[in-house]
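Work through the exercises below with the sequence and the coordinates open. Each task is followed by a solution in steps.

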Amino acid sequence: MSVTEQKVSSGRPRYQLLDGLRGVAALFVILYHFCEAFATSPTDQMFNHGYLAVDFFFVLSGFVIGYAYDGSWKKGMTPGRFMLRRVVRLQPMVILSLLLGVIAYLIQGSVRWDGTPVSLPTLAVALVLGMLLIPVSPGVRYDVRGNGEMFPLNGPSWSLFFEYIGSILYALVLRRLSDRWLKLVVFLSAAGLAAWAVTDMSGAYHLGVGWGMADWGFVGGFLRLSFSFSIGLLMQRRFRPVRIRGAFWICSALIAIILVCPYVGGPEPSPLNGIYDAVATVFIFPAVVWLGAGGTTSDAFSTRLCENLGELSYPVYIVHYPVMYLFYSWVWTNGLGYTQVWPVCCGLLVLIVLMAWASLRFYDQPVRRWLSARLLTRKRL
């Protein structure tokens with residue numbers, strides 16, 4: 001959930017610093033994905049822990065959804081109405097990102113990574129499945145890229161799939177739980193998440209799982225959602241602001257350090273990296289959200305910066321990967337190294353931000369206004 005929804009959903013002021021921090025994390029996701037083009041294994045990936053940004057997003061979602069909606073259920077909010085709001089907020093950009101994914105796929109020649117051609121009807125079915133957020137299994141014909149992604153036309157859609165699961169669980173179960181029971185959910189999820197990380201369930205002692213249906217990847221993704229979303233809800237219920245000068249810059253620096261840290265433990269898979277992932281997710285990210293929620297902007301520049309970062313965070317995250325598919329194809333086909341293409345990376349980063357801004361300004365905001373006027377007006381609700 002974009003933090004900018006808070007004012008609309010709850011009638012209360014939004015947490016401006018959380019807006020900005022979401023945007024900071026989204027930009028680091030792009031840098032992480034650029035570096036994927038040059039990695040040969042999980043241990044030698046530059047900006048190695050960028051995948052943990054998703055866990056930060058889930059903590060934010062739990063915190064903000066609880067803030068925006070916990071008080072609405074006694075005023076007539078129903079699970080159906082709540083989910084309709086979530087669909088209006090999230091789905092337009094999901095659809096646009098998949099259409100961009102189809103364009104990128106056709107530019108690449110409509111073939112899997114191994115060169116196997118894919119028919120247009122098969123591509124069309126993959127598009128429809130993606131729009132409905134129905135994941136595909138590895139090896140089926142609709143896995144049109146052949147690398148086991150849940151959503152092969154736009155890989156990051158996997159986290160939106162889990163975001164919807166979190167929203168459904170919130171509407172049906174989590175919002176009803178007392179603090180005691182919610183603490184139990186948080187504790188069990190944290191234990192499961194830590195055990196996953198340190199027992200090598202991913203094959204490399206890391207939490208970069210959930211994007212595919214192979215092996216236990218779905219379970220790992222669900223654990224990531226379960227802990228982070230639940231602790232966000234719990235923190236919101238118990239929140240007492242801690243005022244620290246420069247909270248935005250401190251929190252941004254913490255996010256950057258966590259996400260760019262090299263693989264922990266050396267060139268071979270190590271349980272030390274699993275410990276790092278568990279500590280970052282279970283302790284540091286909740287602390288960053290708590291600190292960020294307690295901070296405020298003190299001048300017009302920082303206020304506007306956080307607003308802009310918040311507005312662009314979701315579009316940047318969801319539309320950037322079709323560009324990455326083309327980038328990967330170009331790099332791998334020509335055997336290029338990072339030192340040869342870093343200027344291209346800089347240009348593509350600017351392009352992605354401009355794409356995100358244009359998508360937000362000329363598509364997402366108008367479409368959401370149109371849908372809200374027809375589906376979310378008080379008369380219809």
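**Exercise 1: the largest pocket**

The largest pocket holds about 1100 Å³ of space. The model is predicted: local features need pLDDT of at least 70, side-chain atom pairs count only at pLDDT 80 or more, and totals for chains, interfaces and linings use all residues. Residues are numbered from 1 along each chain as its sequence is written, and side-chain values use heavy atoms, with hydrogens and water left out.

Task: state which residues lie nearest the centre of the largest pocket, and describe its lining by helix and by class.

Solution.
1. A pocket is found on a 1 Å grid over the protein atoms alone, as an open set of points where a 1.4 Å probe fits, with protein on both sides within 12 Å along at least five of seven lines; lining residues have an atom within 4 Å of a point. The volume is the space filled by probe spheres set on the points, which are joined across faces, edges and corners.
2. The lining has 42 residues, and Y32, E36, H206, G208 and W211 lie nearest the centre.
3. At least two lining residues come from each of α2, α8 (217-237) and α11; helices are DSSP runs of H or I, at least four residues, numbered from the N terminus. The largest share, five residues, is supplied by α11.
4. By class there are 23 nonpolar, 15 polar and four charged residues. Nonpolar covers Ala, Val, Leu, Ile, Met, Phe, Trp, Tyr, Cys and Pro, charged covers Asp, Glu, Lys and Arg, and the others, Gly among them, are polar.

**Exercise 2: Y321 and Y325**

Task: classify the aromatic pair Y321 and Y325, and place it in its surroundings.

Solution.
1. Rings of Phe, Tyr and Trp (its six-membered ring) pair if their centres lie within 6.5 Å; planes under 30 degrees apart are stacked, over 60 edge-to-face and the rest tilted. The structure holds 29 aromatic pairs.
2. Y321 and Y325 are 4.8 Å apart centre to centre, with 75° between the planes, so the pair is edge-to-face.
3. Both residues lie in helix α11 (residues 300-334), four residues apart, about one turn of the helix.
4. Y321 and Y325 are both buried (under 20% relative accessible area; exposed is over 50%, partly exposed in between; 1.4 Å probe, protein chains only).
5. Both belong to one aromatic cluster, whose members include F34, W113 and Y338.
6. R145 lies over the face of Y325, at 3.6 Å from the ring centre; the criterion is NZ of Lys or CZ of Arg within 6 Å of the ring centre and within 35 degrees of the ring normal.
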